[in-house]
Amino acid sequence: MNEVDGRKRVIIEGVSPEIDAGRFPIKRVTGEGVVVEADVFADGHDAIEARLLWNVQGAREWNETRMESLPNDRWRASFETPELGMMTYTLEAWVDHFLTWRRDLVKRIEGDQDLGIPLKIGASHVREAAGRAAGADAKRLEALAVELESVRAAGPELDALLEHEIGPILERWPDRRFATRYGRELSVVVDRPRARFSTWYEMFPRSTASRPGRHGTFRDAERRLPYVASMGFDVLYLPPIHPIGTTNRKGPNNAVTANPGEVGSPWAIGAKEGGHTAIHPELGTLEDFRHFVEAARSHGIEVALDVAFQTSPDHPWVEEHPDWFLHRPDGTVQFAENPPKKYEDIYPFYFESERWKELWEGLRGVFQYWIDQGVLIFRVDNPHTKPLPFWEWCIGEIRREHPDVIFLAEAFTRPRIMYWLAKAGFTQSYTYFAWRNTSWELRDYFTDLTRTEVREYFRPNVWPNTPDILTEYLQHGGRAAFIVRIVLAGTLAASYGIYGPAFELGEHLPRHAESEEYLDSEKYQIRTWNLEDPRSISELISRVNRARREHEALQSNDTLVFHGFDNDQVLVYSKTNRERSETILVVVNLDPYNTQSGWTSLDLETVGIAPDQPFQVHDLLTDARYSWHGPSNYVELNPHVVPAHVFRVRHRVRSERDFDYYL
């Protein structure tokens, strides 16, 4: 039997947030709060005090916040996350005999009982506290104990003594000899704000040349920056920028062989010019890349790089580190396979190698190299196909020195693996959003992401398309489908991205009828894009992103609430800012073919409107304004005009001059 101190009577359990019994940290960004709750109780009827303890990880002293008692033995307190890095929190609680005495004294007074002995007991509690206190507090408590003993009856004198004199000092010097400390110290990883709120644009730099067919350079890509910035994107994600292997190079439309001059897939990394720390010579030099990163920063854009841990057969590591690869019985290196699919132009790493530690260090070094070049955001290709412990180690090592680095996991896999990667350190994660099209699918999925424990560690980054994903909805829904998906992505989630210019130009033709891969995909060939195409929805995208920048309600996921509508083809939801002073209400026609209409069923309390209060909704996409009243309001949306409203809810108020206006 373990030795216990039976005088420690308080039980602490049901702590939230707590991920896997404290195995993993929760996530926050600088300036956010962590609200901690727990079940705290003890035998009998004694009063309990509880404290939330928190600090920067490794600090010697704890900060303390007094916890608030809620119904049913639930307690709550919060703390802020002021700086990057790791923070730690736990709880402590104890039976407080002075508070018990004070509570019971009120009952004795109400029962008109004699206070002689109770006041002497109270004075003894105060005198004991004087022994724990220091300096002026100790002397003052000694004097207050004498004063308390001299009180003869209830009244203002006693009330003032307890409320304004004794109470505040005793709160600083409670008797914590038999306090229960929660058995775990829990962690918070604190990221920079872009980890929570970011707007991504994916672009192939080799397709940015002004002359059709020419291989683009970083200088060409610089000339594309004002266009990207004009749409309101703040992260520009580049697919791999490294030399591309020639052995088994893929041709256009994933052809098994390439003809001379065909550029191949950027994900077949490595050639005689170098590997994961080299730049494709036709894109430019390392100095050109650094110049591009600085030019992007001048436009308010941060460059993100794709890190794909795989090689072409021509990667220098194949010869330099043969033990990092699995060899077949005939001596050749095993290429990547997902039967029946074969990827002869790609070698996977062999993580069960005897030299796995050396491999881990080599891969970590890839991140470090690009961090040294000024890159602090990485989109990681297929992390679920590499050992999960590797990511926990690798990201932990990097963030120890560089807590401002952001990792996006491109893991379209089973939910538990996606969630584990997020717990292990990935800052943001791809989602199943692309394939959630009906109102019930979207409600169910985003409720899971924002209203369950998942929200504490899994930050969704939603993409309506990628170079690998052209959904059936986009293939057949026409221009309206692209508008619907950009509005949903930009307002349901605080972070989203698109692969462009394919998205804004409405690229919708698949390689074949059963495929989600683009016809003439940029993965295998250079494309020329007409950015002035009149069918482009770039202006609408810029309006969505302007709304996101200007309205704090759209910059987090925690306040997402779905509202009712009497037509399942229409989705209605809202978000508020932290102070609940701003509400954004979104109404989307999910049917890209037909006009849909019906009546809202708004939760007015969530929207911040009194039941009898008229209000105005101001559409941030079209600048139209409508007067609404109550929970039920008529909406009609034509997908061939604008299939969605992004409303700012404006309260009607009456001025001193006795006329109405809206805030």
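Asp520 is placed in the loop between strand S22 (495-499) and helix H14 (538-550), where helices (H or I, at least four residues) and strands (E, at least two) are DSSP runs numbered from the N terminus. The phi angle of Asp520 is near 55°, a positive value in a residue other than glycine. With a relative accessible area of 29%, Asp520 is partly exposed; buried stands for under 20% relative accessible area, exposed for over 50%, and partly exposed for the range in between (1.4 Å probe, protein chains only). The loop between S22 and H14 also holds Pro501, which is joined to Gly500 by a cis peptide bond with omega of about -5°.

The model described here is predicted, so local features need pLDDT of at least 70 and side-chain atom pairs count only at pLDDT 80 or more, while totals for chains, interfaces and linings use all residues. Residues are numbered from 1 along each chain as its sequence is written, and side-chain values use heavy atoms, with hydrogens and water left out.

Backbone geometry offers two further points of interest. Asp73, in the loop between strand S6 (68-69) and strand S7 (74-80), has a positive phi of about 60° although it is not a glycine. At 42% relative accessibility, Asp73 counts as partly exposed. A cis peptide bond also joins Pro339 and Pro340, with omega of about 5°, and Pro340 lies in the loop between S15 and S16. For context, most residues other than glycine have a negative phi, and most peptide bonds are trans.

Strands S15 (336-338) and S16 (341-343) turn up again in the open space of the model, as each supplies at least two residues of the lining of the largest pocket. A pocket is taken, on a 1 Å grid over the protein atoms alone, as an open set of points with protein on both sides within 12 Å along at least five of seven lines; a cavity is a set of points where a 1.4 Å probe fits but cannot get out, and lining residues have an atom within 4 Å of a point. About 1300 Å³ of space lies in the largest pocket, a volume being the space filled by probe spheres set on grid points that are joined across faces, edges and corners. Of the 35 residues that line this pocket, Lys341, Tyr343, Asn382, Asp468 and Lys523 lie nearest its centre. Enclosed space was searched for as well: the whole structure has three cavities of 30 Å³ or more, and the largest cavity has a volume of about 90 Å³. Among the residues lining the largest cavity are Phe204, Arg206, His215, His242 and His280.

The chain has 15 helices and 31 strands, and 56% of its 663 residues count as buried. The largest nonpolar core (buried Ala, Val, Leu, Ile, Met, Phe, Trp, Tyr and Cys residues joined through side-chain atoms within 4.5 Å) has 152 residues, of which Phe367, Phe378, Phe446, Val487 and Leu488 touch the most other members. Helix H13 (residues 478-492) gives the most to this core, with nine residues. Beyond its neighbours within four places in sequence, Phe446 is in contact (heavy atoms within 4.5 Å) with Phe433, Val462, Leu492, Ala493, Leu560 and Phe562. Another core, of 22 residues, lies apart from the largest one and includes Ala129, Ala130, Val151 and Leu170.

Aromatic rings were examined next. Rings of Phe, Tyr and Trp (its six-membered ring) pair if their centres lie within 6.5 Å, with planes under 30 degrees apart counted as stacked, over 60 as edge-to-face and the rest as tilted. The count comes to 48 aromatic pairs. In one of them, Phe407 and Phe426 have ring centres 6.3 Å apart and planes at 85°, so the pair is edge-to-face. Phe407 lies in strand S19 (residues 406-410) and Phe426 in the loop between helix H10 (415-424) and strand S20 (428-429), so this pair ties together parts that are 19 residues apart in sequence. Both Phe407 and Phe426 are buried. Tyr419 and Phe458 also form an edge-to-face pair, 5.1 Å centre to centre with 80° between the planes. Because Tyr419 lies in helix H10 and Phe458 in the loop between helix H11 (439-451) and strand S21 (461-462), the pair links parts 39 residues apart in sequence. Phe458 is buried, with a relative accessible area of 2%.
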